[in-house]
Structure formats: C-alpha cells, structure tokens
Amino acid sequence: MKIKTLLLATLLPCFTLTGLAQTNHSNKIAAIVNNNVISTHQLDKQVNLTKALQAAQGRRPNFPANFDQMVLQNMIQTRLSANFAKQHGIQVPIKNVEQQLAQNIAIAKKQGYNLEKVFRDAGFDHDDIIQLLTEKDLASAKPQEITRSTKLSPEEGSHYTKFTYNDYANLTATQAKEIKTDLENGTSVKQKSTTKTSAYSNLPKPYQPYFISKKTQDVLGPIDLGTLGTAWHVLQITKEQPTPDYQKALLKKVNQAIANWLQQLKANAYIDIKKS
C-alpha cells in the first residue's frame, strides 16, 4: 500500500465533532443518528477537509453533485460504528491518538505538505483533530475484528489454490486400490508417477472434485477416466499454495461481511436525514 493511500485512508473517514463553537449555521441539523445530531456546520467542515486533503496530495478529482450527501452517509456510518465500539467497552488511549497524529504529520511532511495547516484551513483545531482520529479508531474496531476472523472455508480455498501432485496413471482398478492403500500407509510404491502442478481451475475436470478441501499428503482416488479398464489414476498432493486470486476472494468475503454488519447496524438504528 502506498504511503499516500495510507494517510488518506487514516484521515478521510467522516466523523461528527462535538463541542465546537455554535453558530446559526451549526444549529441547522443535517441528520439525527439515534440520540446524536450531525449539524450542517460539521458536515461542511468534513466536506472541506476531504477536498483539502485531496488537493494537498496533488489530486484533482471531479466531485459528484451529491458529494455532500456521500460524506454525510459516511459520517452516519462512522458514528454508528464508533458508538457500537463504545457500547462494547472499547477505548482508545489519548496517547495512542497523539502518536498517530504525529506520524500522520510526519508522513505529510515527506509528501510535501503541511497537514496541520490543512486542518486549520478546514476549521479544525487540535482538540477537533484528536476527536476525529479517536472516533475513526473506534469506528474501525469492529471491521478490524471481522477482517481478522473471516476466512475462506477449505472448500472455498480449494478453488484458489495451486496444487503440486504425483499422478499414478494408467492403472487397473485393482492396481489403483493397492497403490492408494500403500500411499496412505506410507509404504513404498514401485509404480512410477508423474509430478504435475496446476491451479484448481486448470485441473482436468474429473480431478477437480477430488481436490476440494484437500491438503498436502492427501491421497486422492482411485479416479476412473473410463478407457478400456486401464485408465484408473491415484493422486497424492505434495504441495499446495494460494493463487493470486486467493487474496481477492478473501477480500471480497471480508468486505461482504463488513457490509452485512453495517447494514444490520443501520437497520437497528434511528436515522433521520434532513433535506439540504
């Protein structure tokens, strides 16, 4: 992950800030989330910060017409996630937040801009920044837990694995049974085999079901390829490793699990978005 992306991801999640100076504009309500109010003033500040960070990093994206509402939805999601963490006893030590801020400032300096000035220009003082980072950490607690606990099942993982295996081929049914027994018992096998390597998707179709949920040293078969009684095969896996698509499949599953949790969180919450 590039350092720019890391810093942007740390700071762009949208947060509601409390205890700010109240003005007529700040008294206007953008949304109510359970017993929390997000003012239009808070929304405007977060929008300004998001755009300022993009500009400071040399990016000039074309913000859509509904960008404010996109930011508001993110603020709502963050508030719900942070409150969930608080309700479950999760705390963020202020020392950790200060250290995180110092690291972000140092990263920004290496990238050629003054992060503290970006915050100031967007209307955030030091206390606001600390609150923003604290809420961000709280909001990320449950998604991080979901990320750690979500795995591909053995069956799912098989589809994104490259196998190396020994193929004992052109056997009679009797030979195949004997070789399988010997391999399972660790007995030496005189029959020669061919070592092959293939991703699951490239395995011969008749082989694929045998590789589901299997691991190194597993013996597969006998497999009948149906040629005049001498086309039986016995396979033994000698190595397995994930393909590049393994991580993509895992990430997709993680993202879906987080999306499902957030959807349930919203479904159980009172959310009232005011017209702009």
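**Two antiparallel sheets**

Strand 3 (residues 161–171) and strand 6 (residues 232–242) run antiparallel and are joined by 9 bridges. The model is predicted. Within this pair, threonine 164 of the chain lies opposite lysine 239, a residue of strand 6.

Both strands belong to an open sheet of 4 strands. The strand order is 4-3-6-5, and the pairing is antiparallel. Strand 4 (194–199) and strand 5 (219–224) form the edges. Each of these edge strands pairs on one side only. From one strand to the next, the twist averages 30°. The order places strand 3 between strand 4 and strand 6. Strand 6, in turn, sits between strand 3 and strand 5.

A further open sheet contains 3 strands in the order 2-1-7. Its pairing is likewise antiparallel. The edges are strand 2 (36–39) and strand 7 (271–273), each of which pairs on one side only. Neighbouring strands of this sheet are turned by 15° against each other on average, with direction ignored. Strand 1 (residues 29–33) occupies the middle of the order. Strand 1 pairs with strand 7 over 3 bridges, in the antiparallel sense. Here isoleucine 32 stands opposite aspartate 272, which is part of strand 7.

Helix 2 (residues 40–56) packs on this sheet. The helix touches strand 1 and strand 2. The direction of helix 2 makes about 60° with that of strand 2.

Technical notes. Residues are numbered from 1 along each chain as its sequence is written. This is a predicted model: local features need pLDDT of at least 70, side-chain atom pairs count only at pLDDT 80 or more; totals for chains, interfaces and linings use all residues. Side-chain values use heavy atoms; hydrogens and water are left out. Two strands pair if DSSP finds at least two bridges between them. Axes are lines fitted to C-alpha atoms, for helices over the stretch in contact, and angles run from 0 to 180 degrees between N-to-C directions. Contact means heavy atoms within 4.5 Å.
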